[in-house]
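Below are some remarks on the model you sent, set out as numbered points. They begin with one aromatic side chain and work outwards from there.

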Amino acid sequence: MNIDRKAQWAVRQSALPMIVRPCPDCPGIRHRPSGRFRVNANGKLLDVWLLLHCAGCGRTSKVPVHERAHVSSLEPARLVAYEANDPATVRELAMSASLAAKRVYRLDWTGAWELRRDTPRPALDDPRPLTVRVRFELPAPVRVERLLMAGFGLSRNGIRRLVADARIQLPLPPRARTHRDFELTLTGAVPPNPLPLRRPRVVIVAATRVSSPTR
Ligand SMILES: [Zn+2]
């Protein structure tokens with residue numbers, strides 16, 4: 001009769017990450033792809049840039065994708081994709097960790113993922129243990145406690161308390177970042193003491209100083 005509960009959570013991409021690098025025109029550092037490439041041909045040599053917009057001031061900037069590349073070194077379909085501003089190719093490069101590393105900028109995935117649960121939000125007061133399998137469909141690591149906040153609908157402190165009380169058991173620390181699948185266990189709550197049907201009346205009597213009896 002004591003059936004363990006099981007759930008599946010999937011971490012999915014919901015948007016493109018922000019491209020983080022300084023803007024020359026404003027104090028902003030966050031950029032979005034404009035959805036376009038710029039292709040420049042010089043004889044048989046090609047330059048291809050991914051165009052970005054600053055989220056602060058809208059300034060357009062360029063990320064080199066190919067520099068002085070010989071036209072024969074590119075797949076013809078790839079070149080067509082650049083020339084047609086193919087949305088899938090924009091997405092691929094806008095979230096490419098290798099392009100980010102090569103061109104020295106950071107990708108910020110905050111707000112670019114969502115958690116999908118196959119069951120309603122777990123009840124924390126259910127005494128049966130719950131095993132949750134967390135599956136990643138996101139190419140970027142996410143901080144474990146942010147997943148747990150989304151999954152259980154609790155604040156950071158609420159999650160930390162459950163982990164400190166060993167009610168949530170994890171294979172990695174809550175502050176770790178991961179994009180590998182893992183399993184966590186929520187152990188059942190200790191049932192609270194049953195409340196009496198009628199609360200006893202509490203009478204507060206003014207405290208008076210009782211002097212020791214004199215003889
Ligand atoms: Zn700017």
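1. Tyr-82 has a relative accessible area of 1%, and since the cut-off for a buried residue is under 20%, Tyr-82 counts as buried. Please keep in mind, here and in every point that follows, that this is a predicted model.

2. What is the ring partner of Tyr-82, and how are the two planes set? The partner is Phe-37, and the two rings form an edge-to-face pair, with 5.0 Å from centre to centre and 70° between the planes. This pair links distant parts of the chain, because Phe-37 belongs to strand S3 (residues 30–42) while Tyr-82 lies in helix H1, 45 residues apart. Phe-37 has a relative accessibility of 7%, and it therefore counts as buried as well.

3. Tyr-82 also takes part in a contact between helices, for Arg-78, Ala-81 and Tyr-82 in H1 meet Thr-89, Glu-92 and Leu-93 in H2. Sorted by character, the residues of this contact of H1 with H2 divide into three nonpolar, one polar and two charged.

4. Two packed helices are described by the angle between their axes and by the distance between those axes. For helix H1 (residues 76–83) and helix H2 (residues 87–94), the axes come within 8 Å and cross at roughly 95°. The range of 65 to 115 degrees counts as roughly perpendicular, and H1 and H2 are therefore described as roughly perpendicular to each other.

5. How many aromatic pairs does the model contain under the ring-centre criterion? The count comes to two. Besides the pair described in point 2, Trp-9 and Phe-152 form an edge-to-face pair, with 5.2 Å between the centres and 70° between the planes. Here too distant parts of the chain are linked, with Trp-9 in strand S1 and Phe-152 in helix H4 (residues 144–152), 143 residues apart. Are these two residues buried or exposed? Both Trp-9 and Phe-152 are buried.

6. The strand that carries Trp-9 also has a pairing worth checking in the viewer. Strand S1 (residues 5–13) and strand S8 (residues 130–137) run parallel and are joined by eight bridges. As a point of register, Lys-6 has Thr-131 in S8 as its bridge partner.

7. Strand S8 pairs with strand S12 (residues 182–186) as well, in the antiparallel sense and over five bridges. The register of this pairing can be followed from Leu-130, whose bridge partner in S12 is Leu-186. S8 is thus joined to S1 in the parallel sense and to S12 in the antiparallel sense.

Terms used. Residues are numbered from 1 along each chain as its sequence is written. This is a predicted model: local features need pLDDT of at least 70, side-chain atom pairs count only at pLDDT 80 or more; totals for chains, interfaces and linings use all residues. Side-chain values use heavy atoms; hydrogens and water are left out. Two strands pair if DSSP finds at least two bridges between them. Helices (H or I, at least four residues) and strands (E, at least two) are DSSP runs, numbered from the N terminus. Axes are lines fitted to C-alpha atoms, for helices over the stretch in contact, and angles run from 0 to 180 degrees between N-to-C directions. Angles under 35 degrees count as roughly parallel, over 145 as roughly antiparallel, 65 to 115 as roughly perpendicular and the rest as oblique. Contact means heavy atoms within 4.5 Å. Ala, Val, Leu, Ile, Met, Phe, Trp, Tyr, Cys and Pro count as nonpolar, Asp, Glu, Lys and Arg as charged, and the others, Gly among them, as polar. Rings of Phe, Tyr and Trp (its six-membered ring) pair if their centres lie within 6.5 Å; planes under 30 degrees apart count as stacked, over 60 as edge-to-face and the rest as tilted. Buried means under 20% relative accessible area, exposed over 50%, partly exposed in between (1.4 Å probe, protein chains only).
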